[in-house]
Amino acid sequence: MAQALNAALRDALRDDPSVLVFGEDVGKLGGVFRITDGLAAEFGDDRCFDTPLAEAGIVGTAIGMAMYGMRPVVEMQFDAFAYPAFEQVTSHLAKLRNRTRGRLGLPVVIRVPYGGGIGGVEHHSDSSEAYYTHTPGLKVVTPGTPADAYSLLRDAIADPDPVIFMEPKRRYWTKGDLDLPVRTEPMDRAVVRRPGTDVTLIAYGAMVATALETADAAREEGWDVEVVDLRSLVPFDDETVTASVRRTGRAVVVHEASTFGGYGAEVAARVTEQCFHFLEAPVLRVGGFDIPYPPPKLEEHHLPSVDRILDAVARLQWEEAGA
């Protein structure tokens, strides 16, 4: 996945001279996770460059550049490091098209490595997607596969509006056989990763792989599990998700973020509203616990696992269905 993201940035820089890449350590170092490796050497430090450790300044600069015709792609070094820039994102980046009655768009991509599973300490493992999805004017996408990492990032850079591009850092080393460049489904579409008949697991980002592992394990329990990868959190693909749940009659939403007020609550509400007469059981959620992110040695207990997801599937009123 890391190589796919690097290739997407390289190809975007080659194809469009208005594309810029900047942020903390993205230049000579090539990024903490080496996503921007080699870009400064190839395109020069006027197209890929380091910035001060000032997230509000990074996003504010990107807004100004976008107003004058550039397409900045900026990186927040870690998920929780983006919070100092939150005012710029919510008050200005998300609102300028509306504020100018559509005359001025901001084609800015903010790359946010997010989530846990890498043994990171506090401020290095947050799942902050709900903050952005709650903000009108932003698109929010997150890849779960290397192919989607390339395709979604290219689509995000080409988009005329701001996109928060959430990169599941624990999946940077996920491998897949593909020839680049590759284009997958459009940016606003969800995808059925595994068909099934009994229950739909709805996941995104890092949890897609976990959901697929769960689907394999569920066979031993006699459940045929369908897995839907949302890919785009905003806009939301109601059509694909509701079609899946109407087929299976049951749904579990999985994400790393704390469950209370998390993005899964929005998904569960939408599914309940649109699939109520098809549901055999309430829509359940499996997420992180409602605590600050724990120390590295405890994160395996905090993050959703195959066993925790299977426990949720087991609570979907199968006895009543059999009766």
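This briefing describes the sheets, the helices packed on them, the pockets and the salt bridges of the structure above. The model is a predicted one. It contains an open sheet of 7 strands and an open sheet of 5 strands. The largest pocket has a volume of about 400 Å³, and the second largest pocket has one of about 340 Å³. Across the whole structure, 22 salt bridges are found.

**The sheet of 7 strands**

- The strand order in this open sheet is β2-β1-β3-β4-β6-β5-β10, and the pairing is mixed.
- The edges are formed by β2 (48–50) and β10 (232–234); each has a single partner strand, so one side of each is left without a neighbour in the sheet.
- On average, and with direction ignored, neighbouring strands of this sheet are turned by 20° against each other.
- Strands β3 (residues 71–75) and β4 (residues 109–114) run parallel and are joined by 3 bridges.
- Within β4, the residue opposite V73 is V109.
- Helix α3 (residues 55–67) packs on the sheet and touches β1, β2, β3 and β4. The direction of α3 makes about 165° with that of β1.
- Helix α1 lies across β1 (19–23), β3, β4 and β6 (163–168), and runs at about 135° to β1.

**The sheet of 5 strands**

- This open sheet also has mixed pairing, with its strands in the order β7-β9-β8-β11-β12.
- At the edges stand β7 (191–194) and β12 (284–288); since each has a single partner strand, one side of each is left without a neighbour in the sheet.
- From one strand to the next, the twist averages 25°.
- Strand β8 (residues 199–203) runs parallel to strand β11 (residues 251–258), and 3 bridges join the two.
- L201 has V252 as its bridge partner in β11.
- Helix α9 (residues 238–248) lies across β7, β8, β9 (225–229) and β11, at about 155° to β8.
- Helix α12 (residues 306–314) lies across β8, β11 and β12, at about 160° to β12.

**The largest pocket**

- The volume of this pocket is about 400 Å³.
- It is lined by 21 residues, and those closest to its centre are D126, S127, Y131, A257 and S258.
- Helix α6 (129–133) and strand β11 each supply at least two residues of the lining. Strand β11 is also the strand joined to β8 by 3 bridges in the sheet of 5 strands.
- By residue class, the lining consists of 9 nonpolar, 8 polar and 4 charged residues.

**The second largest pocket**

- This pocket has a volume of about 340 Å³.
- Its lining comprises 16 residues, with M1, A2, Q3, A4 and Y172 nearest the centre.
- Helix α1 (residues 2–15) provides the largest share of this lining, namely 4 residues. Helix α1 is also the helix that lies across β1, β3, β4 and β6.
- The lining divides into 9 nonpolar, 4 polar and 3 charged residues.

**Salt bridges**

- A search of the whole structure yields 22 salt bridges.
- One salt bridge links D11 with R14, where the closest N and O atoms are 3.8 Å apart.
- D11 and R14 are 3 residues apart in helix α1 and are therefore separated by about one helical turn.

Methods:
Residues are numbered from 1 along each chain as its sequence is written. This is a predicted model: local features need pLDDT of at least 70, side-chain atom pairs count only at pLDDT 80 or more; totals for chains, interfaces and linings use all residues. Side-chain values use heavy atoms; hydrogens and water are left out. Two strands pair if DSSP finds at least two bridges between them. Axes are lines fitted to C-alpha atoms, for helices over the stretch in contact, and angles run from 0 to 180 degrees between N-to-C directions. Contact means heavy atoms within 4.5 Å. On a 1 Å grid over the protein atoms alone, a cavity is a set of points where a 1.4 Å probe fits but cannot get out, and a pocket is an open set with protein on both sides within 12 Å along at least five of seven lines; lining residues have an atom within 4 Å of a point. Grid points are joined across faces, edges and corners, and a volume is the space filled by probe spheres set on the points. Ala, Val, Leu, Ile, Met, Phe, Trp, Tyr, Cys and Pro count as nonpolar, Asp, Glu, Lys and Arg as charged, and the others, Gly among them, as polar. A salt bridge is a side-chain nitrogen of Lys or Arg within 4 Å of a carboxyl oxygen of Asp or Glu.
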